[in-house]
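Trainee: Could you take me through one part of this structure up close? I'd like to see how a single strand sits among its neighbours.

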Amino acid sequence: MSKISIFHLVFFLGVLVGCGGKVNPGDVSKEKPKLFPDYVDVTIPSTIAPLNFKAQGDYSAIDAVFEGKAGKSIRVQDSKEICIPASDWSELLEATKGDSLKVTVSVKQHDRWKQYASFRIHVSETPIDYGLVYRLIAPGYEVYSKMGIYQRNLSTFDQSPVVENTLIPGSCVNCHSFKLTDPKNMNFHVRGKKGGTILITDGKMNALMTKTDKTMSNFVYPFWHPSGNYLAYSVNNTHQVFHEEKGKRVEVGDVASDVVVYDVKKNEALGTKLLMQDSIFETFPSFSPDGKSLYFCRAAHKKMPDKYNEVRYNLCRIAFNPENGSFGDKIDTLFNATAINKSVTFPRPSPDGKYIMFTLVDYGNFSIWHKEADLYLLDLKTGQTRCIDEVNSDNTESYHSWSSNSRWFVFSSRRIDGLYTRPFIAYLDENGKARKPFLLPQANTDYYDQLLYSFNIPEFVSGKVEVDPNQVDQLLDSGIKKVTFKQ
Amino acid sequence: MNLKKYISSFVSTAFFAMLVVFWEFFYPNHLIQKEQMQLFMTDWDYFIQHLSVPGGFATYLGEFFTQFFLFTMAGAWIVSIVLFSIYFGVKCLLRRLFGSRFSLLAFVPAIAYLFLLCNDFYYLSGAIAVSLSVWAVVGYLKIKSPASRAVVGFVGIPFLYWFLGGAYVLFGISVIASELVIRFSKESGLNPMKSLVLYIAACMIWGVAIPLFAHRFLLLDTLLQSFASSAYYKFTLAFPIYLKLIFASVPAIILLHFVFLKLSEKIRLIMQLGFGLMLIGTLFLGFKKVPVFAEEKEMMYSNLVNKQDWTEIIKQAERELPKGQQEKLALTLALGRTGQLSSRLFAFSPTQSDFFIPYKVHGMAPLIANEPYFYLGFVNFSQMLAMESIDSSPDAVMPVRAVKRYAETCIITGQYDVAVRFLTLLKRTLFYRNWATKASEYLYNDEKVKAHPLWGKLRASQPKDEFYYQSDQMDAMLFLLLRSNSQNRMAYEYLMSSYLLQKDLDKFLEFLPLVKSMNYPELPLVFQEALAYTRTLLTDWPDALKAYPISDNVSKRIELYANAFNSGGNKNAAAMKQSFGSTYWYYVHFSEPNGKN
């Protein structure tokens with residue numbers, strides 16, 4: 001008994017000595033460390049949750065020193081990962097706003113400490129919104145089991161469900177969107193036997209049946225008008241095909257699609273022939289920040305699914321009059337992607353009206369399954385478009401969303417493993433130059449390794465979203481309003 | 001030991017034996033599939049994750065024991081022990097309340113659960129929860145002081161609610177029924193009404209309030225699920241009436257037995273005999289009506305495919321022709337894997353639909369659906385169907401068989417980063433850990449994958465042409481597969497079988513020259529029969545076809561066939577089937593690709 005106790009005591013002391021104390025690096029490398037997530041030289045907002053990380057490769061201990069302004073610093077040492085105390089981190093970032101942290105990482109390998117070259121984490125003074133809202137869904141094919149829309153406070157690791165499909169059994173929840181980043185003005189769809197579109201305006205919830213006699217489907221891809229009086233939606237007749245070719249999996253395309261605008265006050269879908277042409281696929285609408293233009297993607301109709309790889313969308317614009325809900329009589333092409341054999345998806349204007357960010361792929365409109373998908377930025381002042389090389393990777397970059405101040409954007413990327421979509425956040429400076437993006441931090445550095453769900457449609461929100469699931473259920477049961485159509 | 005005790009022991013033993021025999025010899029494949037439908041992980045995180053929801057502990061126990069269903073005998077014994085423990089618990093409960101009087105009523109909940117477990121939508125965890133709740137009532141009744149019992153009852157309701165889910169209702173109502181019996185029995189000196197009414201009301205309010213509180217403050221689930229939990233039934237939409245009846249049966253048995261004991265000895269004896277006969281009748285009828293033996297057979301084939309026991313599949317088919325879609329798919333796959341598709345296909349009355357299960361969005365994608373695609377070399381389609389099996393699981397629990405297959409397909413296609421995730425999950429299990437560890441050695445090692453006897457071949461077989469899945473265009477897809485790898489004998493046999501089943505001899509002849517690259521020792525029998533038949537249709541036998549020798553035996557047999565056919569056999573399919581049922585000629589004249597004769 002006493003032998004066991006002494007053994008335990010010795011072991012305990014050994015652990016204390018091995019994992020604590022001052023690190024005297026035996027080797028100093030000129031290389032910066034390879035971390036997961038890769039936080040080397042990233043730019044972050046001062047309110048972001050601790051950037052916990054682990055180093056790649058084998059080691060018995062890891063040590064990190066974070067040095068900020070005014071002599072403030074944090075030192076963390078562990079056998080596996082660097083988990084930074086939240087309050088210390090918050091204080092350090094606050095003190096280092098507008099400057100950068102110097103981070104020095106060392107790892108213990110074969111009883112020798114190896115110190116890597118220090119790197120910087122730039123702490124921007126520009127604030128970021130309260131949180132993110134995203135859908136977590138398995139990157140499957142057609143069927144789904146459990147999924148939900150969740151919100152995450154960016155300053156902490158708190159994630160909570162907004163709505164889960166288990167609350168409305170047999171359903172799918174998708175396409176959440178907000179008026180700018182306002183949590184009190186939200187939209188999402190519930191698909192299934194008991195389906196409908198949930199529209200929350202100034203905190204008041206309504207359920208809509210959006211299929212009309214004149215439109216081919218329920219409302220699909222949404223975008224809020226800045227006034228909150230309208231939402232633009234696409235209506236799509238969608239199909240999927242499954243590739244056998246190595247490196248490809250799924251192709252989702254439209255057999256037909258149109259764009260309409262929903263008038264919130266009149267509960268009416270507004271259409272124009274220019275956006276509802278049989279010979280054209282129109283999709284992914286978005287309003288300009290002044291509310292006077294409607295951007296959308298437009299492609300020549302092709303026989304589907306046979307010619308799915310010949311469908312290419314341009315970025316177009318039509319005038320919109322928010323006073324009376326009328327449309328302009330001509331369509332402008334802002335970016336002619338077909339001319340370079342490419343296709344545009346997800347045009348998202350920055351709230352300050354300077355840019356439109358979009359995804360460019362070889363063909364089609366379902367960019368998440370396109371490895372070549374990259375983010376592009378159209379400068380609306382100069383008309384110049386450029387690939388945002390600062391944030392793109394060799395793998396898919398697809399959905400993206402702007403912060404309310406237009407200086408941060410979140411985008412989904414499959415760069416980690418080629419399948420699971422993860423949210424990355426990047427800073428865009430006043431010259432339109434993006435900084436190295438960072439992966440949404442998590443408390444546990446194994447989080448992304450273990451999570452078998454993709455982050456779908458990450459959207460910034462300026463506050464906590466409050467959705468009463470029971471009310472959703474009740475409205476879909478008995479309070480659903482049928483949308484009418486007007487052309 | 002008196003006679004009654006002997007009878008009681010005999011009946012109990014017979015019941016247990018019956019349970020073991022049924023699960024081990026009549027319904028084992030259902031148990032094996034239950035194991036395939038879950039992914040039980042042995043680590044602490046997984047346990048804690050389960051404890052965070054009502055009924056989670058029962059679910060954990062159910063999954064823990066279900067992992068042993070991988071071994072048929074273990075599965076049969078585990079289920080039998082759980083069901084027997086329900087019976088024995090009720091028996092002990094009655095004994096504690098009423099003394100040593102044996103009652104056949106004690107069998108009712110166990111027999112009911114026996115038949116529920118024949119249905120895959122009901123979990124073993126539900127049976128465990130019912131058993132533990134019954135034993136909780138037995139424990140409750142061991143407490144002599146009414147005040148202590150009241151405290152235990154009050155603590156027990158939330159405790160059992162959180163750990164066992166819906167079966168807390170069984171506990172709560174059984175406690176109320178037991179108290180009724182105790183307080184109305186002659187021996188009790190307590191005032192029955194006042195304290196009893198208070199206690200019943202408190203128990204009922206407590207039992208309703210706790211799930212409501214959990215629903216409001218702790219859980220994000222439907223109200224029904226907050227009461228019932230997901231430990232019992234796969235679908236969250238409903239809580240079947242059968243489960244409610246089982247929960248209600250235990251307190252009902254307590255009350256019925258109480259009334260029963262008020263009757264005279266003679267009437268009790270007659271009633272026991274009558275009830276005994278009823279139970280036997282129920283068992284007889286239940287075994288006849290409830291287990292779906294056709295489904296059991298389908299599962300047997302599916303499980304044999306999972307074990308890659310191709311010989312046993314063919315043996316089973318030789319004994320009795322497969323009827324179900326999964327059985328037929330397994331058979332054609334077994335024939336393909338053993339190189340017998342081109343020699344024995346028509347011995348098993350094949351149809352065009354035997355080769356693949358059409359992809360459907362509704363319902364769960366069967367675990368077997370991806371298998372032919374996998375072995376043929378359509379690795380992406382196999383991966384797709386494996387993922388669909390995972391994602392279409394109604395309870396969002398990952399089926400380990402599909403997870404394993406998904407990991408394999410990722411290794412074959414070089415998606416190592418994704419494979420890691422799934423192998424990591426498998427490494428957290430008891431029985432798939434070794435496989436996953438060995439499979440991990442192949443990660444990021446293309447040369448090792450290429451050298452793997454199966455994965456290497458499948459990687460080499462992957463199509464180089466771009467095409468997409470169309471269930472009605474399997475011939476075209478097989479052709480493209482074959483074009484990418486002209487050595488893919490199984491794809492070739494599937495393609496040729498398809499043409500022969502469609503009676504498309506032009507296509508058969510068009511692709512016949514490829515037979516030379518397949519390294520057959522001689523022209524396969526089915527091809528010979530098709531050629532011999534073609535020869536009867538032509539006036540001149542082209543030189544090009546003379547390169548494909550037809551054996552003397554086949555030549556003689558077709559002559560015999562022609563004679564029989566022309567001598568009235570054309571109108572006597574049964575007689576022709578007896579002599580020539582396994583030939584292609586019989587198929588051509590008497591069968592349709594859709595299976596109609």
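**A strand and its two hairpins**

Mentor: Happy to! A good place to start is a pair of residues: A:Met186 has A:Ile200 of β15(A) as its bridge partner. Keep in mind that this is a predicted model.

A:Met186's strand is β14(A), residues 182-191, and β14(A) pairs with β15(A) in the antiparallel sense, over five bridges. Together β14(A) and β15(A) make a hairpin with four residues between them. Look in that turn for A:Gly192, whose phi is positive, about 135°.

Now follow β15(A) itself, which covers residues 196-201 of chain A. Its next partner is β16(A), residues 204-209, and here too the two strands run antiparallel and are joined by five bridges. To find your place in this pairing, use A:Ile198, which stands opposite A:Ala207 of β16(A). The hairpin of β15(A) and β16(A) has two residues between the strands, and A:Asp202 takes a positive phi there, near 50°.

With both neighbours in place, turn to how covered the strand is. In a regular strand, side chains alternate between the two faces of the sheet. On one side of β15(A) you will find A:Gly196, A:Ile198 and A:Ile200, and on the other A:Thr197, A:Leu199 and A:Thr201. Both of these faces are covered, with every one of those residues buried. Put as a count, six of the six residues of β15(A) are buried. That includes our two landmarks on the strand, A:Ile200, partnered with A:Met186, and A:Ile198, opposite A:Ala207, both of them buried on one side of β15(A).

Notes:
Residues numbered from 1 in each chain as written. Chains lettered and ligands numbered in written order. Predicted model: local features only at pLDDT ≥ 70, side-chain atom pairs only at ≥ 80, totals over all residues. Heavy atoms only, no water. Buried < 20%, exposed > 50% of the residue type's maximum accessible area, 1.4 Å probe, protein only. Pairing = 2+ DSSP bridges.
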